[in-house]
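Below are some notes for a colleague who is meeting this structure for the first time. Please read them beside the model.

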Amino acid sequence: MILVHGLGMSSRYMIPLAEHLAPHLRIYAPDLPGFGLSEKPSAALTVRQLADALSAWMQELGLGRAAVVGNSLGCEVLVELALVHPHRVDRLVLQGPTPDPEARGLARQVMGFFLIAPFERWSLAWVALTDYARSGVRRYLQALRSMVDNHIGQKALRVSQPTLVVWGTRDHIVPHEFVTSLAASLPQGRLAVIPGAAHGINYSHPEALTAVLLPFLLAPQEKLLAEDVFLKAGADRDSSAEFDAL
């Protein structure tokens with residue numbers, strides 16, 4: 001399984017989730033080009049270029065196909081990977097997917113980060129600040145622009161792999177209405193809600209997130225397909241696809 005970080009971050013804040021998943025799965029957590037300890041191109045790569053780079057990295061490591069988990073910008077990269085390199089993706093987890101199509105402006109996105117700050121673990125702030133400093137303000141803003149201009153909601157309509165959308169009730173960057181709509185629009189989508197969590201669930205609530213992820217990640221592909229048929233046949237698909245991780 002591959003964990004893909006969000007905007008300006010590195011794989012470091014994926015470590016709590018990786019530690020919880022490691023007893024069950026083989027985990028990889030790369031730093032995307034321009035972030036963390038990876039090489040820094042002269043300009044930030046677009047969402048499409050990041051997906052291409054991730055596919056090339058998988059090829060280099062001999063990872064033919066994997067389950068993938070993304071946070072924030074990582075969700076956009078993974079949706080792109082599933083569309084452009086579908087042979088690489090077995091199933092997807094989109095945790096805190098961005099951007100909300102009703103709040104694409106840069107100012108709205110930045111404001112959301114300030115709103116969620118009180119609900120994240122304080123140690124995440126230090127990880128974020130050091131990662132932002134390593135990537136640089138210019139690269140951060142360039143990547144943010146690519147993220148905001150990316151239409152994940154429209155692209156999700158073409159994602160054929162089983163996909164789990166995960167949202168925290170205190171995530172003020174990503175509205176509940178958006179994740180509900182996104183999960184419903186995915187051909188094989190479902191939604192999980194984690195009470196009390198904000199945007200960085202992989203760091204702040206790794207145990208609760210693991211409890212949600214394992215049934216989805218370890219289930220045989222045919223079981224996921226059967227469940228999706230059941231959900232699509234139900235009278236209220238949104239409510240039957242959503243559950244809380246306590």
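1. Helices α2 (residues 47-61) and α3 (residues 73-84) have axes that cross at roughly 70 degrees and come within 8 Å, and they are therefore roughly perpendicular, the word used for angles of 65 to 115 degrees. Axes here are lines fitted to C-alpha atoms over the stretch in contact, with angles running from 0 to 180 degrees between N-to-C directions. Helices themselves are DSSP runs of H or I with at least four residues, numbered from the N terminus.

2. This is a predicted model, in which local features need pLDDT of at least 70 and side-chain atom pairs count only at pLDDT 80 or more, while totals for chains, interfaces and linings use all residues. Residues are numbered from 1 along each chain as its sequence is written, and side-chain values use heavy atoms, without hydrogens or water.

3. Where α2 meets α3, the residues in contact (heavy atoms within 4.5 Å) include L50, L54 and M58 from α2, and L73, V77 and L81 from α3.

4. Helix α10 (residues 206-218) has 13 residues, which at 1.5 Å a residue should span 18 Å, and the 17 Å between its end C-alpha atoms agrees with this; the expected span is 1.5 Å times one less than the number of residues. Among its buried residues (under 20% relative accessible area, 1.4 Å probe, protein chains only) are L209, V212 and F216.

5. H205 lies in the loop between α9 (201-204) and α10, and its 23% relative accessibility makes it partly exposed, the class between buried and exposed (over 50%). Beyond its neighbours within four places in sequence, H205 is in contact with G196 and A197.

Note on methods. Helix = DSSP H or I, 4+ residues; strand = E, 2+ residues; numbered from the N terminus. Parallel < 35°, antiparallel > 145°, perpendicular 65-115°, else oblique.
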